[in-house]
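Me: I should like to understand the terms used for the structure that follows. Please set each value against its definition.

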2 protein chains.
Amino acid sequence: MSSTRDIDSLIDMMARLPGLGPRSARRAVLHLIAKREMKLMPLADMMQTVAATARECARCGNIGTLEICDICTAPKRANGMLCVVESVSDLWAMERSSSYKGRYHVLGGTLSALDQIGPEQLRIPAMIRRIEEEGIEEVILALAATIDGQTTAHYIADQIEGRVRLTSLAQGVPIGGELDYLDDGTISAALSARKDI
Amino acid sequence: MSSTRDIDSLIDMMARLPGLGPRSARRAVLHLIAKREMKLMPLADMMQTVAATARECARCGNIGTLEICDICTAPKRANGMLCVVESVSDLWAMERSSSYKGRYHVLGGTLSALDQIGPEQLRIPAMIRRIEEEGIEEVILALAATIDGQTTAHYIADQIEGRVRLTSLAQGVPIGGELDYLDDGTISAALSARKDI
């Protein structure tokens, strides 16, 4: 047994995280070992805490530590609006924009024939129940502009058409985006949705 | 108190690791929470283990779990050669190349007037003791080709000149490197160290 087996395992585990690779994992682990008291031990403790307490909100699917998350229970948020997102990270991205004050519903993925993900594998039935029970008036589909995302949007639209107002995020040129760096699809979408000024 | 305080703290701690930022920290933490049993708990446990067992080799400064590391005690490695590196990550990089079979000495940094790092803050006195005690015949300086690295190399050369053979890593064109992408200093160094073929 090598005497560095545990350190190698730690580097290996870190290297498998999304966004890291072997090089950044080695740097991170050496940094953590060098600052054992200040960094490594608090990080390990916080991981234990989060592992013990993190849970999905039973209503919307957001990650938090309560059965029903802060956003679902916030009294100041609009009850009639439901923003449907693919993932918790998308919900957090919407929240960072501070521009939406309704409720959310996290699908937990997109429909994908290839990966055998149907409506039952997502939170689509729960979403339909919520629309009825919570008296939702508008559903905002904030799904990715990918094939799977748009397939999911079409499926949801079919299911709830006529029952509520159904909208989706506008497509166009990002703020600060330069045309030269945009893909053709975005430019076409921005052109066909052009506005009078 | 926000119900997501612990999760936010964990993201914040991860975001401060070298090589990560807020976005990759969020992705990593959501990934870990989604795979709590398979990823988050083993990672937290392994961090605890490493925090409890990792230590610097008392001889060379490498990170491992033994008082004297595997490289220092390996019977098959050459005793007369000492490769001096700045950091443990540099030692590991040398080892990955599988081209060196002597011993190492990790300085733990480079001399830096700006950061008030002198010879006593590094393992330079320990290195000089080792050269005498271990009968080192060749010291290979594998220090970065930066100003601080080269200052350190000159200082060490002054200290041990005449006592041992002193070498440094060759400078030149990296394997697979294209001239067009190399900086001028590297091209000059490669030109002045050109070899007959």
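**The axis and the interface**

Reply: Among the residues of chain B, B:Ala44 comes closest to the rotation axis, with its C-alpha at 2.4 Å. This is a predicted model, in which local features need pLDDT of at least 70 and side-chain atom pairs count only at pLDDT 80 or more, while totals for chains, interfaces and linings use all residues. Residues are numbered from 1 along each chain as its sequence is written, chains are lettered from A in the order in which they are written, and side-chain values use heavy atoms, without hydrogens and water.

Me: What makes the axis a two-fold rotation axis?

Reply: Copies are superposed by least squares on the C-alpha atoms of residues with pLDDT of at least 70 in both. A turn of 180° and a shift of 0.0 Å along the axis lay chain B on chain A with an RMSD of 0.1 Å. The two copies are therefore related as by a two-fold rotation axis.

Me: How do you know that the same surface serves both copies?

Reply: Contact means heavy atoms within 4.5 Å. By that rule 49 residues of chain B are in contact with 49 residues of chain A, and 100% of the contact residues of chain B recur in chain A.

Me: What is called buried area here, and how much of it is there between chain B and chain A?

Reply: Buried area is the accessible area (1.4 Å probe) that two parts lose on being put together, summed over both. For chain B and chain A this comes to about 4,600 Å², with 73% of it on carbon and sulfur atoms.

Me: How many salt bridges does the rule find across this interface?

Reply: A salt bridge requires a side-chain nitrogen of Lys or Arg within 4 Å of a carboxyl oxygen of Asp or Glu. Across the interface of chain B and chain A, the rule finds 0.
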